[in-house]
Amino acid sequence: MSERGSQPSPCVRQCCLDGDECLGCGRLMSEILEWANAADTRQRQITTLAAERRALRQQRMAGR
């Protein structure tokens, strides 16, 4: 069993789901549920993926 991670939560307290993605932090619901028990490496991966989703969403919004 892997050790739980110690990364700070990416939650920005602006929780609003658009389908399966939080518009605040960019995490998927599955990643939000996984966070507390995820290893440090996985938490960093989730944070990176969430940041990429937020950036893509901002690009799409800017192109409208």
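# Buried residues, salt bridges and cysteines

Visitor: Which residues of helix H2 are buried?

Guide: In this predicted model, Gln43, Ile46, Ala50, Arg53 and Arg57 of H2 are buried. The elements that cover these residues include strand E2 (21-22) and helix H1 (29-34).

Visitor: What makes the span of H2 close to the expected one?

Guide: Helix H2 runs over residues 40-62, 23 residues in total, and its first and last C-alpha atoms are 33 Å apart. At 1.5 Å a residue, the expected value is 33 Å, and H2 is close to it.

Visitor: Why is Arg53 called buried?

Guide: The relative accessibility of Arg53 is 17%. Buried means under 20%, and Arg53 therefore counts as buried.

Visitor: What makes the pair of Arg53 and Glu31 a salt bridge?

Guide: A side-chain nitrogen of Arg53 and a side-chain oxygen of Glu31 are 2.9 Å apart. The cut-off is 4 Å, so the pair qualifies as a salt bridge. This pair links distant parts of the chain, for Arg53 lies in helix H2 and Glu31 in helix H1, 22 residues apart.

Visitor: Why is the pair of Glu31 and Arg53 also called a polar contact?

Guide: The two side chains approach to 2.9 Å. A polar contact requires a pair of N or O atoms within 3.5 Å, and the contact between Glu31 and Arg53 is therefore counted.

Visitor: How do you know whether Glu31 is buried or exposed?

Guide: Glu31 has a relative accessibility of 3%. As the limit for buried is under 20%, Glu31 counts as buried. Apart from neighbours within four places in sequence, Glu31 is in contact with Arg42, Ile46, Leu49 and Arg53.

Visitor: How many salt bridges does the structure hold?

Guide: The structure holds four salt bridges. Among them is the pair of Arg42 and Glu34, whose side chains meet at 2.8 Å, N to O. Arg42 has a relative accessible area of 25% and Glu34 one of 29%. Partly exposed covers values between 20% and 50%, so Arg42 is partly exposed, and Glu34 counts as partly exposed too.

Visitor: What makes Asp40 and Arg44 a salt bridge, and how are they placed in helix H2?

Guide: Their side chains meet at 2.5 Å, N to O, which satisfies the limit of 4 Å. Because Asp40 and Arg44 are four residues apart in helix H2, about one helical turn separates them. Asp40, at 23% relative accessibility, counts as partly exposed, and Arg44, at 40%, is partly exposed.

Visitor: How many disulfides does the structure have?

Guide: A search of the whole structure finds zero disulfides. For Cys15, the nearest cysteine sulfur is that of Cys11, 4.1 Å away. A disulfide requires two cysteine sulfur atoms within 2.5 Å, and Cys15 is therefore in no disulfide.

Visitor: Why is Cys16 too far from the closest cysteine sulfur for a bond?

Guide: The closest cysteine sulfur to that of Cys16 belongs to Cys22, at 7.5 Å. Set against the limit of 2.5 Å, this is too far for a bond.

Visitor: Why is Cys15 called exposed, and Cys16 partly exposed?

Guide: Cys15 has 60% relative accessibility; exposed means over 50%, so Cys15 counts as exposed. Cys16, at 42%, counts as partly exposed.

Conventions: Residues numbered from 1 in each chain as written. Predicted model: local features only at pLDDT ≥ 70, side-chain atom pairs only at ≥ 80, totals over all residues. Heavy atoms only, no water. Helix = DSSP H or I, 4+ residues; strand = E, 2+ residues; numbered from the N terminus. Expected span 1.5 Å × (residues − 1). Buried < 20%, exposed > 50% of the residue type's maximum accessible area, 1.4 Å probe, protein only. Contact = heavy atoms within 4.5 Å. Polar contact = N/O pair within 3.5 Å; in protein donor to acceptor, adjacent residues only side chain to side chain.
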